Amino acid sequence: MKPNGNKYAVRQGAVLFSEYAPGSGIKKALEIGRENILLELRESKLKGRGGAGFPTATKWMLVAAAKSEEKFIVCNADEGEPGTFKDRVLLLEYPELVFEGMLIAGYTLGARQGIIYLRGEYEYMLKSLESYLEQMKEDNLLGNNILGNPNFNFEIVIRLGSGAYVCGEETALIESLEGNRGEARNRPPYPVNTGYLGRPTVVNNVETLASVPHILVKGGEWFRTFGTDKSTGSKLFSVSGDCERPGVYELPWGTKIKDLLEIVGAKNTKAVQVGGASGSCIPKSQFERTLAYEDAATGGSIMIFNESRNMLKILKNFMEFFVEESCGQCTPCRVGNVKLLEGIEKIERGVYTFGHLNKLKELGRTMQVASKCGLGQSSPNAFLSILENFKEEIFNKNGYGGHNGK
Amino acid sequence: MESKEKYRVPVSQKPHVVEKPRDINTIGGTVTIEINEKKVSVPMGTTILEACRENQIHIPTLCHHDDLCVAGVCRVCVVEVEGMRTLQASCTFPITAPVKIHTSTPMVRKARRHIIDLLLSEHYGECYSCFRNQNCELQKLAKEYGVDQYNFGHLEKPRYETDRSSASVIRDMNKCILCKRCVRTCIDLQEVGVLEAINRGHETHIGTFFDKPLSDVICINCGQCINRCPTAALRANDPSDELWEAIENPKKHVVIQTAPSPRAGIGEEFGLEPGHSMTGELNTALRRIGFDRVFDTNFTADLTIMEEGTELLNRLKKAVLLGDESVKLPQFTSCSPGWVKFIEHFYPEFLGYLSTAKSPQQMFGAVIKTFYAKESGIDPADIVSVALMPCSAKKFECNRPEMRASGYKDVDYGLTTRELAQMIKEAGIYLPEMPKSHFDEPFGDASGAGLIFGATGGVMEAALRTVYELVTGREVPFKNLNIVPCRGFEGIKQASVMLEGCKDEYSFLEGIELKFIVAHGTANAKKVMEMLRKGELKDVHFVEIMACPGGCLGGGGQPIPTSEEIRKKRAEAIYAEDESLSLRKSHENPYVKYIYENFLTEGPCSELSHHLLHTHYQKRGKFIA
């Protein structure tokens, strides 16, 4: 347990917030060697913590198998999903875990360069993170011949983003790192083959990387004792909204939404937005559902809304966000989000028809399959789930029936 | 840390291309896939789009263009690939595994229809008041997918102001569908890099550096973006209204000179297959429209060869005979106004290498308002001089302040092939039906050497036919005068001719291997300039550069669409016409001889010809205040 300035959340948890001796992860890694690191990771069944849930061991193995003189480790610290702030806690309070995770990845995959793509709004952390990196260099945890191992050289640099949500998408992040406009690339190819500067690149979320040292020290099997079969380990949840104790919580995967609400002291809860603006909105009737990749998946964002909230206004807020944050390159996302927002405004003014709303729902489903990247593919989620799960409230109770609402 | 090159070549987002095997018969060279339940075998790395086209399956596209790298942004080409969660853009998806593809499922058709609907909702204006009506890819798709209403609304007001600042290119972003073809044309194809997407989300639009007007950025006016725009967002600055007025004005004597490339392209505007030369028909049509005289730009192309060739010989003489090390060699051609502006912006320190000879258009302009005016007794103030060009940059060129050697604006209007085709249609003329007729005197029909200026390598070939003969007294040693190494669409061509048995006055050139380079497209020009910068062109004597891919026949004023295949056919038409002419050498053009005997009496590169037929350039640089 670590002292922290947060009066609500106490840093306690099974994995990330458990005791850790800085340096022990990389020492273990050097001891067991590259192959065993990958095997241990595979054993742990760790999945990407950014939200997509791609198996981390597979990603690393693909990069390990890619032939190239140069490989890169990129830490995705562009924490931009509305309602997510767990990476901030990790970077501020547990930088050793993040950096060591990158170091282990660098050692395992033969990369000499690690890059942290830090969210522009987190510029205030830059100094402390850089001084931590300096300290690591002094301790011979970075630089040349790390811990006396000849040919193990690794550097970490920090790059600042400029506030674009889409740059959290890994290929847009790489474009941004290369100095280009933040726009998602065509996939395939995937960054594991053609990433930063065209080289094989691992892009991992802050939390994913921070989990790695723990897994190496305590073992993949230990890690699997937490969570569910398909969602192993524990997860940091950034809880915000209508509750008594918002903050960052580490809970095992598989925790029921109902139980989480109790832990954080939420009362009269009407809905929980799981997974941020791009996630889906879960109504009270489904609070038995579990937080897990196979059920209600999330990159960490949990937003709680009580009975006093107006779901249509919440939805409008999300859609305004996407209209602004779409990178603007592909048609479904650039124009589609605007059309969905216009639909919401029509409901607000009571000048919609159900025929038009059905067209918009169809459009939303097209956006999910035809958009170029995850942004446009997930932006209709809120629209579709809120209109479906709260139609009673929106069209009857709140008087958005409208003179045309037939 | 980065292994970036010193000079960063701007690129738009480039897709990863899976290399196709050189020999598809090797093991693993092909993949057997299923398209709509039909088994087909395709080379590894083929995109789904290519595979479908090979198998007669039509996939709609908008952002895709054969000349450009793929973007995958319009999403209209999506197809279903079994096992993948989302639809895949067929233009970007390389086939590397035995996938099963479905190109016409309900989900695919709905997605395409939605995308067209969305694009239409943001596309301002109506089709019937649009100059691209019936030649618009968006309109075509809307018809193909049965769009009969605006499902998601339609813009009532324009969102952007039209940028009319440039003399050459007009940009109306209200028609833009953000396919980024212009961006890729400007950055990747031409490596100029004026256009890029600005802002994000719904506010995204294509703009220039700091959204400045096009006239205030380093646009070279090549108009290649216009040729690739699927809609009416880009067009050339059309002077036809003013032209009609001049034609109707009885006081004005309206003359038109026509460049070689429009003749090879204009048939396409009337529904003919590419590759029909329409020289004779065009002459008749122009007279019927009301032009008072129809001249052949090839006449001044021949004149250009005389001036530019003499200039080259002068430079060679200084360098070889007098050992003058300050002489700038190789000499670069200066016929292409896009290329001239390119070098002014990007390589101003090398302007001394550029031939001072004006382009044929501007030479003609100067001759018309001086020599022709005098000979025919018309006040040059009453002459309206029009140039039919395949080019948008010519509009900028004729407005340059340097181009007033006659005391008037030498060329009043530059008219593109597309604009003239529109005028011909408006006059109720169907061009292919016209009887053929010749050009007007006193400049008459010109040589085939002037004609081939239209294709990349043509200026070089024409110059060699003349220079070789001036120096040795013999014809160039190529069968039928066809200097094959100058021809073809390879980006940069290098070749040489041995100068042997020179005449006495050129004995200093005896035994010299005359080396030359031909490049087209400014991306290739950039490569040549970097070679020059590195000192790799020390033994090269003459370089021809055309700003547009394929040369003038692929110019920014030519009919839309364009592709390498179309450009090849236009080139074939030009070379075939050259071969059909009896007069094929510039210096043998009797009218050229006549003008040197009666007007420019001191010969090429004399004081008078310098005043009328040569120019100077501006060091513009990349940063404009």
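Let's start at the seam between domain 1 of chain B and domain 2 of chain B, where the count is 3 salt bridges. Keep in mind as you go that this is a predicted model.

To see the two parts, color residues 240-299 and 361-433 of chain B as domain 1, then residues 309-359 and 447-613 as domain 2. Each domain is thus built from two stretches of the chain. If you place a marker at each C-alpha centre, the two markers will sit 24 Å apart.

Next, select B:Glu268 and B:Arg570 and show their side chains. They meet in a salt bridge, with N to O at 2.7 Å.

Now widen the view to polar contacts across the interface of the two domains: 22 residue pairs qualify, both partners having pLDDT 80 or more. Which helices of chain B each supply at least two residues to the side of domain 1 that touches domain 2? Select H7 (260-269), H9 (297-321), H11 (360-376), H12 (393-398) and H13 (417-426) to see them. Coloring that side of domain 1 by residue class gives 16 nonpolar, 13 polar and 11 charged residues.

For the contact set as a whole, 40 residues of domain 1 of chain B are in contact with 38 residues of domain 2 of chain B. Switch on a surface here: about 3100 Å² is buried between the two domains, and carbon and sulfur atoms give 62% of that area. Finish by selecting B:Phe299, B:Met363 and B:Phe371, the domain 1 residues that lose the most area to domain 2. Together these three make up 19% of what the domain 1 side buries.

Terms used
Residues are numbered from 1 along each chain as its sequence is written. Chains are lettered from A and ligands numbered from 1 in the order in which they are written. This is a predicted model: local features need pLDDT of at least 70, side-chain atom pairs count only at pLDDT 80 or more; totals for chains, interfaces and linings use all residues. Side-chain values use heavy atoms; hydrogens and water are left out. Domain bounds come from an automatic or database domain assignment. Contact means heavy atoms within 4.5 Å. Buried area is the accessible area (1.4 Å probe) that two parts lose on being put together, summed over both. A salt bridge is a side-chain nitrogen of Lys or Arg within 4 Å of a carboxyl oxygen of Asp or Glu. A polar contact is a pair of N or O atoms within 3.5 Å; within protein, one must be able to donate a hydrogen and the other to accept it, and residues adjacent in sequence count only if both atoms are side-chain atoms. Helices (H or I, at least four residues) and strands (E, at least two) are DSSP runs, numbered from the N terminus. Ala, Val, Leu, Ile, Met, Phe, Trp, Tyr, Cys and Pro count as nonpolar, Asp, Glu, Lys and Arg as charged, and the others, Gly among them, as polar.
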